[in-house]
Amino acid sequence: MKWKKLGQIFEFEKSPFKERFVSHAQSPQAIVFSDFVRIYFSTRKQEENGKFISHVQYVDYSKNFKKIINTSEHEVIPLGELGCFDEHGIFPFSPFKFGENIYAYTTGWTRRISVDADAGIGFAISSDDGKTFKKFGNGPILTSSLYEPFLVGDGFVQKLKDKFYMFYIFGQKWCEETKEHAPERVYKIAYATSDDGINWQKMNRCIIKDKIDENECQALPTVIKIGERYHMYFCYRHMIGFRTEKEKGYRLGYAYSDDLINWTRDDINAGITTTEGAWDSDMMCYPNIFKMDGKIYLLYNGNEFGKYGFGVAELEGE
């Protein structure tokens, strides 16, 4: 795999979203239309109590990513009602074309007391070409269970081999609070299958081997089929120090599979890494891989978890 970076295509500070939101354009994820590509992302508002909530918005680009055609000026999907799993935000938001509709798999999160947050995966449908989405219900379609006790999220769905496959993450543990840091989480990548995209059967196992150590955190898997092989990109980081130490922050990982079940991690052949002095010099995270007009693209966030925007790369060669 070899990628050509096309650069940062969206800067939050120079966008019209700055008038309504505080910061961030996290987890860019694309839906391709006949004459443009729509990119959804999560941005932030600040409440009166000083805490943040995550909202979904989108921006429409020409297919060469050089011109912004339209931006959302409305509520794309409502947050959860009082006490619901997505009361405090939706991040990320993963769209999937199915028939005449667009399905969306949301990661809804809510604050907790002893730890920062918990999460579950929700489901919504759009019948107006992805301008707005209606939730399937107030609860998640995939959530914590006996072997996946918390932080179920980052659901990425594709229909492959006549089944729906969801690649997602789940929390393994929270580390104890110390004088130096608050409790930190560890999460891994797993998968589930479905016949209808709504009712899911978990496989209850990690599918990507650790590279750093057993406390490696893996997030936001995205999968594409090229030829007869499946390729996955994701991001990974250290459990501690990732916010302040450059070498411990998110990087993009890569794995491949011939059966969607057994994955071989092969980061050395990911074909993309940070660029010194650039907007993605310290961090690369939250990837989304997609096909458009015979080419394959990779969206991702850079430094500070997408605070400044997102960029895109194009796969080179056959």
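**Exercise 1.** Over which ring does the charged end of Arg44 sit, and how far is it from the centre?

*Solution.* The ring is that of Phe52, and the charged end of Arg44 is 5.8 Å from its centre. The criterion for a charge over a ring is NZ of Lys or CZ of Arg within 6 Å of the ring centre and within 35 degrees of the ring normal. Arg265 also has its charged end over a ring, that of Tyr236, at 4.6 Å from the centre.

The model is predicted: local features need pLDDT of at least 70, side-chain atom pairs count only at pLDDT 80 or more, and totals for chains, interfaces and linings use all residues. Numbering runs from 1 along each chain as its sequence is written, and side-chain values use heavy atoms, with hydrogens and water left out.

**Exercise 2.** Classify the aromatic pair of Tyr40 and Phe133, and place both residues in the chain.

*Solution.* Rings of Phe, Tyr and Trp (its six-membered ring) pair if their centres lie within 6.5 Å; planes under 30 degrees apart are stacked, over 60 edge-to-face, and the rest tilted. The whole structure holds 35 aromatic pairs. For Tyr40 and Phe133 the centres are 5.9 Å apart and the planes are at 75 degrees, an edge-to-face pair. Tyr40 belongs to strand S3 (residues 37-46), while Phe133 is in the loop between S8 and strand S9 (134-135), 93 residues apart. Strands (E, at least two residues) are DSSP runs numbered from the N terminus. Tyr40 and Phe133 are both buried, that is, under 20% relative accessible area (1.4 Å probe, protein chains only); exposed is over 50%, and partly exposed lies in between.

**Exercise 3.** Why does the pair of Phe41 and Phe310 count as tilted?

*Solution.* The ring centres are 6.1 Å apart and the planes are at 50 degrees, so the pair is tilted. Phe41 is in strand S3 and Phe310 in strand S20 (residues 309-315), so the pair ties together parts 269 residues apart in sequence. Both Phe41 and Phe310 are buried.

**Exercise 4.** Is Ser126 buried or exposed, and which residues does Ser126 touch?

*Solution.* Ser126, in strand S8 (residues 117-126), is buried, with a relative accessible area of 1%. Not counting residues up to four places away in sequence, Ser126 touches Asn101, Ile102, Lys131, Thr132 and Phe133; contact means heavy atoms within 4.5 Å.

**Exercise 5.** Is Glu81 buried or exposed?

*Solution.* Glu81 is exposed, with a relative accessible area of 51%. Glu81 lies in the loop between strand S5 (68-71) and strand S6 (90-98). Beyond its neighbours within four places in sequence, Glu81 is in contact with Glu87 and Asn138.

Technical notes: Helices (H or I, at least four residues) and strands (E, at least two) are DSSP runs, numbered from the N terminus.
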